[in-house]
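Dear colleague,

I am handing over the structure we spoke about, with the sequence alongside. Please have it open while you read the notes below.

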Amino acid sequence: MSKNNTEEVKYDGKPMEHEFDGIKELNNPPPPWLMYMFYITVGISIIYWIYYHVSGAGDLQEAEYLNEMKQAEKDISKNVKTIEIVLLNDEASIAAGEALFTEKGCTACHGKHGEGNAIGPNLTDNYWLHGADVKSVFNVVKNGVPTKGMTPFKGQLSDDKILQLSSFVLLKLKGSNPENPKDPQGVLVN
Ligand code: HEC
């Protein structure tokens, strides 16, 4: 054996008592920081067990889940606001409705001035397919008439905006006399 044999090399561990054929086992315990971490986790697990399982002070998964769902339900009911469907006759709302009428492409099917075209009906005359009160118009714009080609806008517009649009339609378009009006469709309203 050379000078570099195992006796010469420095080991942290001390040889243990047994030896066989010149082979020794060295006692190399894990470093203290690792052992402390281990002791701490054992300690924490005991505290955890007592807190959650013995004393029942903490909520277990299921109870926590149910609590969160309850809280979420509360939050939702706080955020969902139901609006009253009445005509908005203030200038700002009507102007907002007018802007939406162009922005949202109502003009594509109802004409630039609501006069109607090959696709959609005239919104300026007194003949209406689905009624000319604010609730009916709101409902048509919100839910559409998919089978007849009227787009539902509920996915794109909030109720507030749909109400602005409906107000614009009823207060500004209805009763206006644009050029090239489409022939009346539906029932005469006053
Ligand atoms: C893709 C074409 C299309 C678009 C876009 C469209 N409409 Fe319509 N709309 C129609 C058609 C078609 C009807 C007729 C439905 C029927 O025959 O029942 C209609 C019906 C209506 C009615 C009911 C008219 C009545 O006589 O009762 C209103 C109000 C209306 N649309 C408003 C709007 C508004 C506001 C927008 C934009 C936010 C819009 N529409 C966008 C095609 C469209």
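What should the 15 residues of helix 6 span at 1.5 Å a residue, and how far apart are its end C-alpha atoms? The expected span is 21 Å and the end C-alpha atoms lie 20 Å apart, which agrees; the expectation is 1.5 Å times one less than the number of residues, and helices (H or I, at least four residues) and strands (E, at least two) are DSSP runs numbered from the N terminus.

Before going further, please note that this is a predicted model, in which local features need pLDDT of at least 70 and side-chain atom pairs count only at pLDDT 80 or more, while totals for chains, interfaces and linings use all residues. Residues are numbered from 1 along each chain as its sequence is written, and side-chain values use heavy atoms, with hydrogens and water left out.

The buried residues of helix 6, among them Ile162, Leu165, Phe168 and Leu173, pack against helix 3 (91-103), helix 4, strand 3 (127-128) and helix 5. Here buried means under 20% relative accessible area, exposed over 50%, and partly exposed in between, with a 1.4 Å probe and protein chains only. Gly175, which follows helix 6, has a positive phi near 90°.

The iron atom of the ligand has two protein donors, His110 through NE2 and Met150 through SD, at 2.0 to 2.1 Å; donors are N, O and S atoms within 2.8 Å of the metal (3.2 Å for Na, K and Ca), and water is not among the atoms, so sites may look incomplete. His110 belongs to helix 4 (residues 106-110), whereas Met150 sits in the loop between helix 5 (134-143) and helix 6 (159-173), so that the pair, 40 residues apart, links distant parts of the chain. His110 counts as buried because its relative accessibility is 10%, and Met150, at 18%, is buried as well. Leaving aside neighbours within four places in sequence, His110 is in contact (heavy atoms within 4.5 Å) with residues including Phe101, Leu123 and Met150.

Two residues other than glycine have a positive phi: Asp21, near 50°, and Asn180, at about 50°. Asp21 lies in the loop between strand 1 (14-20) and strand 2 (23-27) and is exposed at 71% relative accessible area, while Asn180 lies in the loop between helix 6 and strand 4 (187-188) and is exposed at 66%.

With best wishes
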